[in-house]
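Colleague: I would like to learn how to read a few features of a protein model. Can you take me through some of them?

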Amino acid sequence: MPANQPIRHVVVLGHPSPGSFNHEVVQRYCTTVHENGQEAVVRDLYALDFDPCLRADRLPGHASGMSADVAHELGLLRQAQVIVFVYPIWFGMPPAIIKGYVDRVLGVAQTPSSIRDHRPDSVLVGKSFATFSSSATTRIWLDEQGQMESIRQAFDRYLMGIFGLRDAGHVHFGAIVEHMEPRFVAECLLEVETQARKICSAVAAARHAAHAHEAVAAFTGD
């Protein structure tokens with residue numbers, strides 16, 4: 001990627017209520033990204049009326065063509081260096097609309113054989129992957145049920161493994177309910193801001209190192 005091209009984050013939001021805490025997380029994350037001289041593109045799946053259903057004629061290896069909405073999403077992801085998921089945990093898992101985004105968009109080119117042979121999609125490989133999740137229950141309760149580790153293992157780490165993504169962290173907020181105290185919300189959003197700055201810094205440093213390596217290689221002829 002050219003050094004003068006801004007680093008782009010694609011933020012995928014999976015919450016149906018426009019005024020939700022998850023929407024505030026997205027807003028604070030994107031504001032912080034912009035303050036760091038990088039770009040953020042929000043994909044509010046409910047607002048987009050995104051269809052999460054993977055149809056029989058769109059299964060990887062069987063599709064005759066790519067649907068327009070998936071092609072558009074892939075175009076955005078192709079130009080991004082960071083992919084961020086923001087969602088509430090419902091019944092112990094991400095919402096169906098988030099899983100549908102994985103099925104239809106991230107997995108559009110992944111067949112069982114490519115997953116088995118560890119051949120990630122070139123569109124996604126090497127990009128950073130971060131998550132911000134929330135739940136009405138506390139983090140302690142989720143840990144007691146083994147739920148957070150389950151999500152990290154069965155969703156986050158699995159996706160990073162098959163798609164070749166880099167781990168940029170998973171921040172979870174517990175006890176997210178209606179009529180929360182403003183101070184508690186402010187503390188949570190400050191954590192979002194802190195994490196966003198870390199991600200921006202890490203991605204910028206990685207790009208600088210890559211460009212420096214390319215410059216040295218070009219100078220030495222290696």
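Modeller: We will go through a helix pair, a helix's buried face, a pocket and two backbone angles. Keep in mind that this model is predicted.

Colleague: Start with the helices. How are two packed helices described?

Modeller: By the angle between their axes and the distance between the axes. Take helix H3, residues 96–106, and helix H6, residues 147–163. Their axes come within 13 Å and cross at roughly 5 degrees. Angles under 35 degrees count as roughly parallel, so H3 is roughly parallel to H6.

Colleague: Which residues of H3 and H6 make the contact?

Modeller: H3 supplies Ile98, Lys99, Val102 and Leu106. H6 supplies Phe155, Leu159 and Phe163. By class, that contact has 6 nonpolar residues, no polar ones and 1 charged.

Colleague: Now helix H2, residues 68–78. Which of its residues are buried?

Modeller: Buried means under 20% relative accessible area. In H2 the buried residues are Val70, Glu73, Leu74, Gly75, Leu76 and Leu77.

Colleague: What do the buried residues of H2 pack against?

Modeller: Three strands and a helix: E1 (8–13), E2 (39–44), E3 (82–88) and H3. You met H3 above, as the partner of H6 in the contact.

Colleague: Let us turn to pockets. What is the volume of the second largest pocket?

Modeller: About 310 Å³. Its lining has 17 residues, and the closest to the pocket centre are His15, Ser20, Phe21, Asn22 and Ile176. Helix H1, residues 21–35, gives the largest share of the lining, with 3 residues.

Colleague: What is the lining of that pocket like by class?

Modeller: Mixed: 8 nonpolar, 7 polar and 2 charged residues.

Colleague: Last, the backbone. What sign of phi should I expect?

Modeller: Most residues other than glycine have a negative phi. Two residues here are worth a look. Phenylalanine 91 has a phi near 55 degrees, a positive value. Alanine 175 has a positive phi too, near 60 degrees.

Colleague: Where do phenylalanine 91 and alanine 175 lie?

Modeller: Both are in loops. Phenylalanine 91 lies in the loop between E3 and H3. Alanine 175 lies in the loop between strand E5 (166–173) and helix H7 (182–220).

Colleague: Is phenylalanine 91 buried or exposed?

Modeller: Exposed means over 50% relative accessible area. Phenylalanine 91 has 88% relative accessibility, so it counts as exposed. Alanine 175, at 32%, is partly exposed.

Definitions and conventions:
Residues are numbered from 1 along each chain as its sequence is written. This is a predicted model: local features need pLDDT of at least 70, side-chain atom pairs count only at pLDDT 80 or more; totals for chains, interfaces and linings use all residues. Side-chain values use heavy atoms; hydrogens and water are left out. Axes are lines fitted to C-alpha atoms, for helices over the stretch in contact, and angles run from 0 to 180 degrees between N-to-C directions. Helices (H or I, at least four residues) and strands (E, at least two) are DSSP runs, numbered from the N terminus. Angles under 35 degrees count as roughly parallel, over 145 as roughly antiparallel, 65 to 115 as roughly perpendicular and the rest as oblique. Contact means heavy atoms within 4.5 Å. Ala, Val, Leu, Ile, Met, Phe, Trp, Tyr, Cys and Pro count as nonpolar, Asp, Glu, Lys and Arg as charged, and the others, Gly among them, as polar. On a 1 Å grid over the protein atoms alone, a cavity is a set of points where a 1.4 Å probe fits but cannot get out, and a pocket is an open set with protein on both sides within 12 Å along at least five of seven lines; lining residues have an atom within 4 Å of a point. Grid points are joined across faces, edges and corners, and a volume is the space filled by probe spheres set on the points. Buried means under 20% relative accessible area, exposed over 50%, partly exposed in between (1.4 Å probe, protein chains only).
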